[in-house]
Amino acid sequence: MFKKMFKKTAFAGPAALVVLVAVVVLSAMADSTMQPLPASAPAGEFSARRALDHLREFAAEPRPIGSPAGDRARDYLVGRLRAEGLQVEVQRAVGARPASGLATFGQVDNIVGRLPGTDPTGTVLIAAHYDSAAMGPGASDDGAAVAAMIETVRALRTGTGLRNDVVLLMSDGEEDGVLGAEAFVRRHPLGRAGGVLLNWEARGVRGPSLMFETSRNNARLVETFADAVPAPRGDSSMVEMYRLLPNNTDFTPLTGAGFTGMNFAYIRGSSLYHTAADSVANLDPGSLQHHGSTMLALTRALGGADLRTLTSDHDVTYFRALGVMITYPGTAVPPLAALAVLAVAGLVVLGRVRRLLTLPRLAVATVSAVLPLLASVAMAQGLWELLVGLRPEYDTMGGLLHRPQAFEAAIAAMSALAVLCWYLPLRRRLGPAALSAAVLVWTAGLGALCAWFAPGAAFLFTLPALLGALGALAASVTGAPAWVRAVATTLGPVTAAAVLPSLAWNAFDGMGLALGGVGALVLALFWLGVAPLVELFQPGPAVLPRRVPVTAAVLAVCLVGAGLAVDGFDAERPRRTHLAYVMDADTRVAHWASADPEPAGWTRRYVSARAVDGLPPGYARGSLWTGTAPAIRADGPRVVVSSYDGGTLTMRVTAGRGARSVTLRLDRPITWAGVSAGRFGQAGVQVTGTRTGTWPGEIRFRGIPSQGVRVTVRLSPAERVRVIAISESDGLSAVPGFVPRPPGLVAATREDGDLVAVTRGYTLRRGSHGEGVAEGAQ
């Protein structure tokens with residue numbers, strides 16, 4: 001069987017190689033955006049150029065929750081939606097979110113627009129957030145989606161009315177913990193009514209709009225997506241992976257409240273994410289066009305459908321292969337996985353009968369196949385440690401580099417090297433039949449594992465295993481022409497080439513090189529799948545020349561060198577730096593602080609040593625560089641204690657004039673925290689765990705009202721608790737002697753950067769009441 005399967009033909013090896021490369025390239029080309037339509041496009045179509053006009057109006061500056069820029073953006077967006085004839089309200093509320101040892105609150109202004117349907121069967125909710133991270137204008141995250149909503153509504157208004165109600169939620173406070181969406185589902189009637197949700201995000205500045213997350217039982221939703229969208233992108237493996245990650249967007253609280261729906265984002269160019277470079281100038285109009293065209297098509301389809309028929313009792317598998325969207329029901333996943341296992345088992349039996357392999361050799365080959373997988377992951381993570389060692393500034397980028405392509409190619413070469421170093425030495429000892437069967441055993445086994453734990457990702461392994469085994473069986477047919485055997489041999493590898501490399505690149509785009517081992521693992525599985533094609537170049541027992549793995553090793557080293565040469569920093573691809581100003585209002589001693597591993601020259605104007613002794617107690621989080629700074633005139637925060645009985649602390653907290661937010665750190669863990677913000681309402685959350693690198697309990701209030709908020713905290717009983725209050729104001733220009741960053745530097749994404757922080761410390765004892773009994777932190 002395997003002798004026939006691998007019988008050499010003149011052009012079998014080169015032809016197979018050409019086919020594999022062509023499949024990978026075509027798959028990459030099919031994973032594209034759309035051409036942006038001009039402002040002169042027909043009124044009923046989505047135009048990225050028209051949407052860009054709106055984006056420039058409200059996304060020219062950072063607009064974090066509670067900022068004047070956020071207020072200006074809110075007013076503009078409300079005006080545009082009303083101009084399009086929507087019923088618009090601004091929901092003012094307090095949003096809340098717990099994390100480990102942390103309770104985050106915020107005063108949010110959600111924009112809710114409603115377009116009534118002619119005969120509604122439910123609600124179509126389109127959601128995106130209009131606030132941005134404090135470090136940048138957020139043209140992509142999430143201004144592009146908000147601008148797309150305005151253009152979508154305009155296009156909808158040119159046609160006949162839709163059957164179903166369409167609600168637009170432009171949420172506030174997403175960047176600080178999906179605060180606006182949480183308040184919407186908790187306090188707004190439409191947030192509790194349910195419906196079909198279309199949520200829009202971005203984690204980069206370019207790339208296709210990917211449908212990367214769905215609610216469960218998504219069969220009818222995916223059917224609508226595949227039929228209605230002109231250029232559908234994404235696959236069900238992304239859905240499965242995202243469900244396993246701790247990340248969340250507004251989609252999380254909205255679906256948790258009963259909405260069913262789909263979540264979209266583009267993720268390329270992620271090195272500019274949450275920085276000043278997330279600007280209109282850096283946004284790819286094609287990504288905006290893809291966002292908007294998808295949004296418009298789905299809104300029309302869902303707006304005219306009977307939403308009561310969209311319910312389903314199962315998920316579906318969906319993916320694109322060479323530009324064609326393929327779907328099949330979740331009920332087909334286990335049978336396909338079982339069929340792949342049976343096909344591989346049949347191939348093994350046939351190989352054993354024909355004495356081409358033995359079970360002990362197969363067992364050794366199968367067990368040892370884990371080695372190239374582990375080696376690929378280890379080399380990818382080792383590469384990242386090497387890069388950070390050579391360029392410490394990479395560490396502040398979280399692995400999201402400006403030009404990572406050469407490094408990613410190096411990881412691909414290293415993964416290929418790991419597989420070759422496994423395949424070639426064992427080829428002579430165990431035989432190609434045992435190694436080829438071991439690859440299929442691994443692939444079919446992973447498919448069966450995914451069918452049980454992550455059904456939407458099973459196709460990545462089940463289909464290559466099934467087609468690979470069937471192809472090998474076909475190649476073993478007596479009398480089959482050589483070219484038929486060669487074609488049959490490539491079925492499994494070609495299928496793997498259609499799905500696995502694109503998954504690896506998405507992993508690199510989404511997770512960066514700091515977690516490059518994920519992409520490396522996927523690539524190693526791909527190389528394992530295609531390794532048996534080596535036999536089309538060199539059949540028989542001879543060992544392939546050593547120059548092959550040596551060439552792969554040299555190529556990887558050259559690619560790393562090329563990456564270091566190409567991926568420099570400049571005005572268009574800036575380096576990130578972290579800097580904050582902190583002053584103790586009790587002592588009026590001030591310092592600069594930076595969390596950079598190796599501060600840039602500009603940062604070293606302000607910091608000179610790794611020392612946190614001079615900082616206020618409880619302020620430092622992790623290791624910091626510090627330097628002395630001039631004191632400024634600032635009110636600072638105030639904490640007025642209403643009561644403290646040893647287990648429950650109630651206090652009135654104000655941030656001081658000009659401060660946007662306040663943070664409270666406590667030297668004891670907290671179990672519950674609640675706030676009351678007057679007419680904006682109140683909220684409370686259970687808290688578990690503790691903060692790391694700082695005091696164990698923390699409470700944040702973003703966009704704090706000038707009159708302050710009432711905060712109640714529950715702690716384990718104790719005679720005293722220490723509290724540090726930190727008022728936070730955006731920007732450092734108020735500090736005497738501050739010189740803005742030069743071109744080529746932007747603020748890092750750490751949330752306490754580019755802030756003026758003014759602290760005041762308190763030691764509270766049981767029975768404390770009023771500010772007068774609060775003592776300076778010791």
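R74 is a buried residue in this predicted model, with a relative accessibility of 10%. Its salt-bridge partner is D75, and the closest N and O atoms of the two are 3.1 Å apart. D75 itself is partly exposed, because its relative accessible area is 48%, which falls between the 20% and 50% cut-offs. So this bridge pairs a buried arginine with a partly exposed aspartate.

How many salt bridges does a search of the whole structure find? The count is 32. Take E223 and R220, whose side chains meet with an N to O distance of 3.4 Å. These two sit three residues apart in helix α8, which covers residues 219-228, so about one helical turn separates them. Both ends can be reached from outside to some degree: E223 is partly exposed at 40% relative accessibility, and R220 is partly exposed at 27%.

Now look at E728 and R702, whose side chains form a salt bridge at 2.6 Å, N to O. This pair ties together distant parts of the chain, with E728 in strand β21 (residues 720-730) and R702 in strand β19 (residues 697-702), 26 residues apart. Both E728 and R702 are buried. There's also a network here: R621, R665, R691, E698, R700 and E751 are joined by salt bridges that share partners.

Next stop, H402. You'll find H402 in the loop between α14 (370-390) and α15 (405-430). Is H402 buried or exposed? H402 is buried, since its relative accessible area is just 8%, under the 20% cut-off. The side chain of H402 makes a polar contact of 2.7 Å with the side chain of S271, and also reaches the backbone oxygen of P574 at 2.7 Å. Setting aside neighbours within four places in sequence, the residues in contact with H402 include L272, M397, D567, F569 and R573.

For something on the outside, turn to helix α2 (residues 12-30), where V21 lies. V21 is partly exposed, with 45% relative accessible area. V21 belongs to a nonpolar surface patch along with L17, V25, L26, M29 and L322, and together they have about 550 Å² of accessible area. Another partly exposed residue is A474, at 36% relative accessibility, in helix α17 (residues 459-475). From A474 to L296 is 178 residues in sequence and 47 Å in space, going from C-alpha to C-alpha.

The backbone has a few details to look for, too. The peptide bond from D141 to D142 is cis, with omega near 5°, and D142 is placed in helix α5 (residues 139-156). V178 isn't a glycine, yet its phi is positive, near 45°. V178 sits in the loop between β4 (165-171) and α6 (179-187), and it counts as buried at 7% relative accessibility. R588 also has a positive phi, about 60°, without being a glycine. R588 is in the loop between β11 (580-584) and β12 (589-594), and is partly exposed at 40%.

Finally, how far does the predictor trust all this? The mean pLDDT of the protein chain is 92, and 96% of its residues reach 70 or more. Over residues 1-8, though, pLDDT is below 50, and that stretch has 33 contacts in the model beyond near neighbours in sequence. Residues 772-778 are also below 50, with 19 such contacts. Where pLDDT is low, the predicted coordinates shouldn't be read in detail.

Methods:
Residues are numbered from 1 along each chain as its sequence is written. This is a predicted model: local features need pLDDT of at least 70, side-chain atom pairs count only at pLDDT 80 or more; totals for chains, interfaces and linings use all residues. Side-chain values use heavy atoms; hydrogens and water are left out. Helices (H or I, at least four residues) and strands (E, at least two) are DSSP runs, numbered from the N terminus. Buried means under 20% relative accessible area, exposed over 50%, partly exposed in between (1.4 Å probe, protein chains only). A polar contact is a pair of N or O atoms within 3.5 Å; within protein, one must be able to donate a hydrogen and the other to accept it, and residues adjacent in sequence count only if both atoms are side-chain atoms. Contact means heavy atoms within 4.5 Å. Patches are made of residues with over 30% relative accessible area and no salt bridge: like charges are joined within 9 Å, nonpolar side chains (Val, Leu, Ile, Met, Phe, Trp, Tyr) within 5 Å. Accessible areas come from the Shrake-Rupley method with a 1.4 Å probe; for residues, only the protein chains shown count as cover. A salt bridge is a side-chain nitrogen of Lys or Arg within 4 Å of a carboxyl oxygen of Asp or Glu. pLDDT is the predictor's confidence in each residue, from 0 to 100.
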